[in-house]
Amino acid sequence: MRNNIIIFLLLWATALSSHEMTPAYPEVKPSHVLDVVKVEMSLFNSREEIQYYQVDLFDLNWTNIPFSTTYRIIKIAYKEKKAFNVYIRKSDMDEAVYLCTTSKVRKSNKSKTLISSRICSRLDGEPA
Amino acid sequence: MKYFTIILTLFALPVSANVEITGNVAAKCIIQTTKSGAYGNPIASKLSTTPADGGVLPIIRYDVSIADSYTANITHPTAFSSSPSLSDTVAWTGSTSVTQTSVSGMSAYEAAKTVVGNTTIFDLTLAGSTWFSTASSATYGSAKPFPGGTYTSVVQASCIAK
């Protein structure tokens, strides 16, 4: 068990090309606008080939839900961490479940498969 | 003057204080692109990431800090994101498998995976790292040769909080 933890921490430390978004279960806070709540998120990009991430909000059936944020497509440099706020109408909070960031892949001139990464947090709380 | 010097000396004495370092381990998922895939072209009408066909399998690593908080949903391609103009249909196949794990118990992920359409879902019930590889194959209609050019497709790797 101890060895597993050490190996895991070593592997974690060598993360070179990754997409990370936290928290997994964000706290919904009141905003400065009436009937609008906000969620504070953090995004970390260590994928060298990726510069842009798209923010999306979905319900349980993966249908888009309206929201507001400063940039829907966030430009984020390699090894940069960015905080961003997402504003959601209180009336939409019953439906809003998944808050996701998806990497935007660039067109390539080689025959290959690109990997688009998506991380989704849940707004309806941690599972019991 | 003597008292003043004594007071100054007292002020110059080293002061020790305890500085706290706090940390918080919360549920977190990191998706890493360990290796981008590449299409091999074993016959004129086929593009495949399988090594036996001259391709390279894309490998994606998921790191989760807290057990049982996320699912890994990996979708293999069903279209080219960029390609030369194609006049016929393309038949797609694909699959995703566990290739390596940091904890022995994760080997059960492979048997427990569920496939919905072109998406394979793995329940990440243990904390640690799991490597997945996605095979993708495209065959051009009526065994026609693919036109010359660059072909690119996208594997969607998602980590969804449960």
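**Exercise 1. Work out how many helices and strands chain B has, and in what order they follow one another.**

Chain B contains 2 helices and 10 strands, where helices (H or I, at least four residues) and strands (E, at least two) are DSSP runs numbered from the N terminus. Along the sequence, these elements of chain B follow the pattern α-β-β-β-β-β-β-α-β-β-β-β. The model is predicted, with local features needing pLDDT of at least 70 and side-chain atom pairs counting only at pLDDT 80 or more, while totals for chains, interfaces and linings use all residues. Residues are numbered from 1 along each chain as its sequence is written, and chains are lettered from A and ligands numbered from 1 in the order in which they are written.

**Exercise 2. Compare the radius of gyration of chain B with that of a compact globule of 162 residues.**

Step one is the reference value: a compact globule of 162 residues would have a radius of gyration near 15 Å, the rule being 2.2 Å times the number of residues to the power 0.38, and the radius being taken over C-alpha atoms. Step two is the value for chain B, which is 27 Å. Step three adds the box filled by the C-alpha atoms of chain B, which is roughly 105 × 35 × 25 Å along the principal axes.

**Exercise 3. Describe the side of chain B that touches chain A.**

Begin with the counts: 38 residues of chain B are in contact with 34 residues of chain A, a contact being a pair of residues whose C-beta atoms, placed from the backbone, lie within 7 Å. On this side of chain B, β1 (29-35), β2 (37-38), β4 (59-64), β9 (128-140) and β10 (152-161) each supply at least two residues, and β10(B) gives the most, with 10 residues. By class, this side has 18 nonpolar, 17 polar and 3 charged residues; here Ala, Val, Leu, Ile, Met, Phe, Trp, Tyr, Cys and Pro count as nonpolar, Asp, Glu, Lys and Arg as charged, and the others, Gly among them, as polar. Finally, turn to the strands: β1 (residues 18-22) of chain A runs antiparallel to β1(B) and is joined to it by 3 bridges, strands being paired if DSSP finds at least two bridges between them. In this pairing, E20(A) has I30(B) as its bridge partner.

**Exercise 4. Decide whether F44(A) is buried, partly exposed or exposed, and place it among its strand partners.**

F44(A) counts as partly exposed because it has 18 C-beta neighbours inside 10 Å, whereas 20 or more would make a residue buried and 12 or fewer exposed, with C-beta atoms placed from the backbone. F44(A) lies in strand β3 (residues 36-45) of chain A, and, leaving out residues up to four places away in sequence, F44(A) touches E20(A) and K81(A). The contact with E20(A) fits the strand pairing, since E20(A) stands opposite F44(A), and β1(A) and β3(A) pair in the antiparallel sense over 4 bridges. On β3(A) there is also an antiparallel pairing with strand β7 (residues 80-89) of chain A over 10 bridges, in which L43(A) has K82(A) as its bridge partner.

Conventions: Two residues are in contact if their C-beta atoms, placed from the backbone, lie within 7 Å.
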